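The report below describes a structure through its strands, helices, core and chain contacts. The sequence and the coordinates should be read alongside the text.

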Amino acid sequence: MAKYILKRFLWMIPILLCVIIVVFTVMYFTPGDPAMAILGNSYTPESYEAKVRELGLDKPYIVQLGNYLINIVTKFDFGKSYMNNRSVTTQILERLQPTLIIGAVSVLLSQLIAIPVGITAATHHGKIQDYTVSSLCIILAAIPGFLLAVFLMLLFCLKLNWLPAAGITNWYGYILPIVCSIFGPLVSSCRMTRSSMLEVIRKDYIRTARAKGVSEHDVIHKHALKNALIPVLTMLGMHLGGAMGGSILVETIFTVPGLGILMKNAIYNLDYPVVEGCVIFVSFIMSLLMLLTDLAYAAVDPRVRDQITGGGKKKRRKKAAQSMEGIAA
Amino acid sequence: MTDMKTKKSSHQGGHGHHDKNSPESKALKKTNGKHPGNNHPFDPERRHGKRRRKHSQWGDVWFRLRKNKLAVIGMVLASVLILLAVFAPILTPYSQETQDIQNQFQMPSWEHPLGTDNFGRDLLTRVLYGGRTSLLVAFMALMFSVFVAIILGAIAGYYGGMLEMVIMRMTDVIQSIPPVLLAVVVSAALGSGVWQTAIAVGIAGVAPNMRLIRGQILAVRGEEYVEAAVAIGSSNIAVMFKQILPNVLSPLIVSASMGIGGNITAISGLSFIGLGVRPPISEWGNIMTSGLEYIRRFWPMAVFPGIMIMLTLFAFNCFGDGLRDALDPKLKH
Amino acid sequence: MKKYLALFLALVMVFACTACTNTGGNAGTTSRTLTIGTNNDVTIPFDNTNATNVNGLGLCYDRLTYLDPYTGERVSNVLDDWYYEDNLHLVLEIKDGVTFTDGTALTGEDLIYTYSDEVARGGNNANNLSNFDWDNATVSADGLTVTIPTFEEYAPGIVSLNSWIENKAFDDVHSVDDEIWWDTVQGTGPYYCVEQVGGAYSTYALRDNYWGSEEYEFDTITFKYYSDLTALFIDYENGAIDVALNIGSYNYEQITSGNAKDTIAKLEGDGNPISLCLDYSRVEAWNNPLVRQAVAYAIDVDSLGVAGFEGLYKNNGSVIPETASYYEYVGEYEFNLDKARALLAEAGYADGFSFTLLTYEKYEDMAVALQDMLKQIGITVELDLGQFMPQLKRMLAGEADAIFLNGTTDNNGEPSLAYNKFITPTDNVPAASVLDAGWNALIASSYSLDAAAREKVVHEIQESFYENVWQVALLEKCEAWCYYDNVLSADFEAYVGGVPTFRVLK
């Protein structure tokens, strides 16, 4: 088991390196001239040349890529922002907290709501609860996130004046961004839980449990649930990653000083180091999360665990069987 | 008695005279002379005596789909939207570019059913043409995803080995980047425009579809009909396309129909940030983005495209759900 | 169920912890605080391209001189006097006792350093500043008198010395890359930066060691950043902020039609009139003044203003902003399509011609409206839109048939500096060049200390400009902002150098 974990972690390294290369390459071919962007009005051919040399933009692609990689790997240095010359790493770390909070809280809350609701819908399949939940899911899935965000803002901030319209100077400010981010994972987890439960409930081993006289409550919560939740669990990492990526829209509308707004402004200002840094950073986090969910999945599901470690056990059993045969023969 | 019955039954098959009212003959009538071995008491399709001439797979799917009310609504709605998009130029007398700035922000009226936008252009026209663009880009992105996914998935699933490993690792890399960010970065790199946005949005959809196809191919690879095809000497590609792919299509179709909704949301989201399809080309997302600025003085400009997006998502989601249930009946029954 | 409860408790704890770290700044003191909301990101430190948070940094730094918003005269906070010793030497006399934020005294060394450094760095004003001979500038023994030689007689004048005064001692120790610049200012102004939270807000407070004798109304001034204008105004209406910069035309109309209690709305030009420039070398037709005038008659400026800036605009009729000294109204091209068509026909272009307009998203709406207008007289305009930076690069590389040109005067209102940019063929923006040799002489003759003489020359320039219309003056974008008049007094005149300043005296 430990070997498997180690192997997975080691595999992450080349993948992350590839992510850096891919992102850097994509941004390299983006049109726009950072040297020009920085100089702006004070452009003269000489200052332009000087700026280009200063930023290292005259070197060939491979050299730039190499420098970038080395800086990240050795010093964790994502370069300097073209706009304000501050270290990108500092800026990212500064802005990380709000995005993480909104992402983590919204995904956790969404699971807390979605799973019981999905279970209820599945166990009351065909009845009113099921129809309500399914219809709600379909309707909610159809609402685009930013429309909902603006509508909520107009309702709660303008008409009712309950919540601040922007910023996170006190914790009220987190409520609306979290509410807006909840709906995506909520709907998809709810539907997945429901369909997964429906599938599991029809399985033979559930019928067996019922036949054996296990209480309905135990059937659902002890036997069915654990199996049904596995696919939902594996999606957790993706939801978190999606929440961090989707934070751009929510943060823009509610002016949350997080990574999303940093990225949006950086794209607008063609501030490539910041864009690259943000994307790579978020990808790191998402890979890590997906790895952890995979491992959790392996830890939780004994079948997978066996598959991973069972190679050894199977061989031993086979050998034992063969030797028994040999003895018998 | 038993002997008599047996004797009688031995006269079946149309040889000689038989009792019309015997249970056997009644059964025969029901099966229209076919061999009684075809009568399956436990076949739900035949329990009430219905019969099928053609036992086609797609026919079954269609039948189940029709029974699902929500899916039908979705299908009808989606068709209506597509028709509106296709026939947009005929449906409206206005051009989407004619400006009349002094008449900006007119509320809905007979002349302008949805009102006018900030340039005085008829909003209904803009929304119709916008639908054209949105749906077109969404479908293009889908085509791109599916096309690339099929190629990559087929290669990975069928050939295996080093090629498969490389493709799978590349997919891991791409999937490590959150899909929204991936679309944003690619869109920033390619610039704004219809096909650029289609590619940017489509790229994020390649990975899951590719894994789907590869998984299906791996599952199906060992089947007999594949071995048979290889045995009679079909080339690898012919085997892939003729034997394997038709069978892996159903989950792909489901994924595709659900994917349209996601694509439209992504396209609108890109417009919101300032990438994607830019004005003056109208697209629901960028009409909505401009409209949000004016939302307090003129709500129609933000609301109506939003409603269209919602309807489209609703339609394709219902349809996709229904399709998935129809293709995999075990779940419902 | 227990698992869920545990998760929930964990969440609550996370919330509580973060809430603790985020509250603050609500200490109930009796000091006066002003909260200002704005759509510009106020937390990007001063950089070369966008002097962002000019409002905030304007509280902390002084310029050498500026135009008093009430009297219109040129005044200085830090100089006692300035004059030309002879035609080629400018003398500055610094007040005694001026100190920077860290307490060090302001001397002539700092002034020389500030401006010569800007030349070396290639800052915004470097072109004008390089006309001073900084290498030979001298400082008196007590450090309070500076003598600067110039290369041309009486040129370019005190107006060019308008950068924020920097502290040489501090700059020598801390390089440009030093993280300390994020929230530390070293200026001679009355405020200093207390805190800067990226993407959220920045706060400034009165200096304890301020050298001046004036008393300022507000002890603390906070700038809050809103990325969404709707959110900005909602917070203003709820009283969360006292001043709202960038309120947009809709809210401006609401306020001025009496729908907002105690609120004063202001509309100020941003000092940058916009004009349409075509490159005469790429568009043959543009060489004919009749064609240029035809285009001027074909444009409905009001519609442009409504489409491009939602009605927040001024129709100056000139490429010089109204705030400039010697601005004169020399006439306007009314909107008259028939006249436009007639002129075009007279010029021999009855069938029209076509060109490509290269611009970026900021002017997208205006470009689309303009395209439609010119279509009415047969001129086909292709739009080449894109993001700011790539487009700017292409403009400077001379790839554009036509562009929108921002006003080229600096905000201190000295037009002679502006016209320089029109006449030199080697200018950054070829589309703006005018090949009239007489202009050189005219501009040179405006370099004079005699205000009356200068005024006369500039008047000639403006008239000539109007008749020849090398650029078609469009409009000047305006900014609408508002404040509660129980916070700032109702006749608060805030604009100094084209930027609202919130140094309010008691």
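## An antiparallel sheet in chain C

In this predicted model, C:Tyr83 has C:Val91 of β5(C) as its bridge partner. That pair belongs to the ladder between β4(C) and strand β5 (residues 89-94) of chain C, in which six bridges join two strands that run antiparallel. The ladder is part of an open sheet of four strands of chain C, arranged in the order β4-β5-β7-β6 with antiparallel pairing. Because β4 (79-86) and β6 (138-139) of chain C stand at the edges and each has a single partner strand, one side of each is left without a neighbour in the sheet.

Helix α3 (residues 108-121) of chain C lies across β5, β6 and β7 (145-149) of the chain, and this helix runs at about 35 degrees to β7(C).

## Strand β17(C) and its partners

Strand β17 of chain C, which spans residues 471-484, is mostly covered, with 12 of its 14 residues buried. Strand β11 (residues 243-244) of chain C is joined to β17(C) by two bridges in the antiparallel sense, and here C:Ala244 has C:Cys482 as its bridge partner. Strand β13 (residues 313-314) of chain C is likewise joined to β17(C) by two bridges, again antiparallel, and the partner of C:Lys314 in β17(C) is C:Glu476.

The surroundings of C:Ala244 can be described further. When neighbours within four places in sequence are left aside, C:Ala244 is in contact with C:Gly37, C:Leu232, C:Phe233, C:Tyr236, C:Trp481 and C:Cys482, and C:Cys482 is also its bridge partner in β17(C).

## A parallel pair with a helical crossover

Strands β14 (residues 354-360) and β15 (residues 380-386) of chain C pair in the parallel sense over seven bridges, and among these pairings C:Ser354 is matched with C:Thr380 of β15(C). Between the two strands the chain passes through helix α11 (residues 364-375) of chain C, giving a β-α-β crossover that is right-handed.

## The largest nonpolar core

The largest nonpolar core holds 262 residues, and the members that touch the most others are B:Ala183, B:Val184, C:Ala244 and C:Ile299. Helix α6 (residues 123-159) of chain B gives the most to this core, contributing 16 residues. As general background, nonpolar side chains tend to be buried together in soluble globular proteins.

## Chain B and its contact with chain A

Chain B has 13 helices and zero strands, so that, by the definition of these elements, its pattern along the sequence reads α-α-α-α-α-α-α-α-α-α-α-α-α. Of its 333 residues, 42% count as buried. Among the contacts in chain B between residues at least 6 apart in sequence, 64% join residues that are at least 24 apart.

Where chain B meets chain A, 31 residues of chain B are in contact with 37 residues of chain A. On the side of chain B that touches chain A, the elements giving two or more residues are α7 (161-176), α8 (179-190), α11 (236-273) and α13 (300-327) of chain B. Of these, α8(B) supplies the largest share, with eight residues. By residue class, the side of chain B that touches chain A divides into 21 nonpolar, eight polar and two charged residues.

Note on methods. Residues numbered from 1 in each chain as written. Chains lettered and ligands numbered in written order. Predicted model: local features only at pLDDT ≥ 70, side-chain atom pairs only at ≥ 80, totals over all residues. Buried ≥ 20, exposed ≤ 12 C-beta atoms within 10 Å, placed from the backbone. Pairing = 2+ DSSP bridges. Right-handed = clockwise from strand over helix to strand, strands pointing away. Contact = placed C-beta atoms within 7 Å. Core = buried A, V, L, I, M, F, W, Y, C linked by C-beta atoms within 7 Å. Nonpolar A, V, L, I, M, F, W, Y, C, P; charged D, E, K, R; others polar. Axes fitted to C-alpha atoms, helices over the stretch in contact; angles between N-to-C directions.
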